[in-house]
Amino acid sequence: MCIDEGKGIVMKYFDKTGVEIKAGMILLMSDGTTELIYDTTDSDGNPDLGINASNEDFLRNHPGADREYYSLGNYDLSSATVL
């Protein structure tokens, strides 16, 4: 859901029970995997939430590399649950 809170567009996401998803929470995805939620920004610089898209081995071997994220907007959260 997009909301204009006077400081740009803010994305808000909710799990299948209506709980608002926030950074730092763990989300149980429909495939049984769990994902840590991160504060991110979208391509326009607006606040967003995302999950890790980076290869952990690559990050360990390249300490200067930035972590990349997939926006929660890419997922159907209707069957996801905040743990």
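## A guided tour of the predicted model

Begin with the whole chain in view: among the contacts (heavy atoms within 4.5 Å) in the protein with a separation of 6 or more, 37% are between residues 24 or more positions apart. This is a predicted model, in which local features need pLDDT of at least 70 and side-chain atom pairs count only at pLDDT 80 or more, while totals for chains, interfaces and linings use all residues. Residues are numbered from 1 along each chain as its sequence is written, and side-chain values use heavy atoms, with hydrogens and water left out.

**The whole chain.** Colour the model by secondary structure, and you should find one helix and 10 strands, where helices (H or I, at least four residues) and strands (E, at least two) are DSSP runs numbered from the N terminus. Followed along the sequence, these elements give the pattern β-β-β-β-β-β-β-β-α-β-β. Switch to a surface, and the accessible area of the protein is about 5400 Å², 49% of it belonging to carbon and sulfur atoms; such areas come from the Shrake-Rupley method with a 1.4 Å probe, and for residues only the protein chains shown count as cover. Of the 83 residues in the protein, 24% are buried, where buried means under 20% relative accessible area, exposed means over 50%, and partly exposed lies in between (1.4 Å probe, protein chains only).

**The three-stranded sheet.** Select strands 5, 6 and 10, which form an open sheet in the order 6-5-10 with antiparallel pairing. Strand 6 (34-36) and strand 10 are the edge strands, each pairing on one side only; two strands pair if DSSP finds at least two bridges between them. Strand 5 (residues 26-28) is joined to the antiparallel strand 6 by three bridges, and if you pick Ile26, its bridge partner in strand 6 is Leu36.

**A nonpolar patch.** Keep Ile26 and Leu36 selected and add Leu83, since these three residues make a nonpolar surface patch of about 260 Å². Patches are made of residues with over 30% relative accessible area and no salt bridge, with like charges joined within 9 Å and nonpolar side chains (Val, Leu, Ile, Met, Phe, Trp, Tyr) joined within 5 Å. Leu83 is found in the segment after strand 10 (81-82), and Leu83 counts as exposed because its relative accessibility is 62%.

**The hairpin of strands 7 and 8.** Move next to strand 7 (residues 38-41) and strand 8 (residues 47-52), which run antiparallel and are joined by four bridges. Thr40 is a useful residue to pick, with Asp48 as its bridge partner in strand 8. Five residues lie between the strands of this hairpin, where Gly45 takes a positive phi near 85°.

**The aromatic pair.** From strand 7, show the side chains of Tyr38 and Tyr69, for the structure holds one aromatic pair. The ring centres of Tyr38 and Tyr69 are 5.0 Å apart and the planes stand at 55°, so the pair is tilted; rings of Phe, Tyr and Trp (its six-membered ring) pair if their centres lie within 6.5 Å, and planes under 30 degrees apart count as stacked, over 60 as edge-to-face and the rest as tilted. Because Tyr38 lies in strand 7 and Tyr69 in strand 9, the pair ties together parts that are 31 residues apart in sequence. Tyr38 is partly exposed at 22% relative accessibility, and Tyr69 is partly exposed at 34%.

**A loop contact.** Select Ala53, in the loop between strand 8 and helix 1, which is partly exposed at 25% relative accessibility. Leaving aside neighbours within four places in sequence, Ala53 is in contact with Glu68, Tyr69 and Tyr70. A distance drawn between the C-alpha atoms of Ala53 and Glu68, which are 15 residues apart along the chain, should read 5.2 Å.

**The salt bridges.** Side chains of opposite charge can pair when their charged atoms come close. The structure holds three salt bridges, each defined as a side-chain nitrogen of Lys or Arg within 4 Å of a carboxyl oxygen of Asp or Glu. Start with Glu56 and Arg67, whose closest N and O atoms are 2.7 Å apart. This pair links distant parts of the chain, with Glu56 in helix 1 (residues 56-61) and Arg67 in the loop between helix 1 and strand 9 (69-71), 11 residues apart. Then select Asp57 and Arg60, whose side chains meet in a salt bridge (2.3 Å, N to O); both lie in helix 1, three residues apart, about one turn of the helix. Asp57 is partly exposed at 46% relative accessibility, whereas Arg60 is exposed at 56%. End at Glu20 and Lys12, whose side chains meet in a salt bridge at 3.8 Å, N to O, with Glu20 partly exposed at a relative accessible area of 25%.
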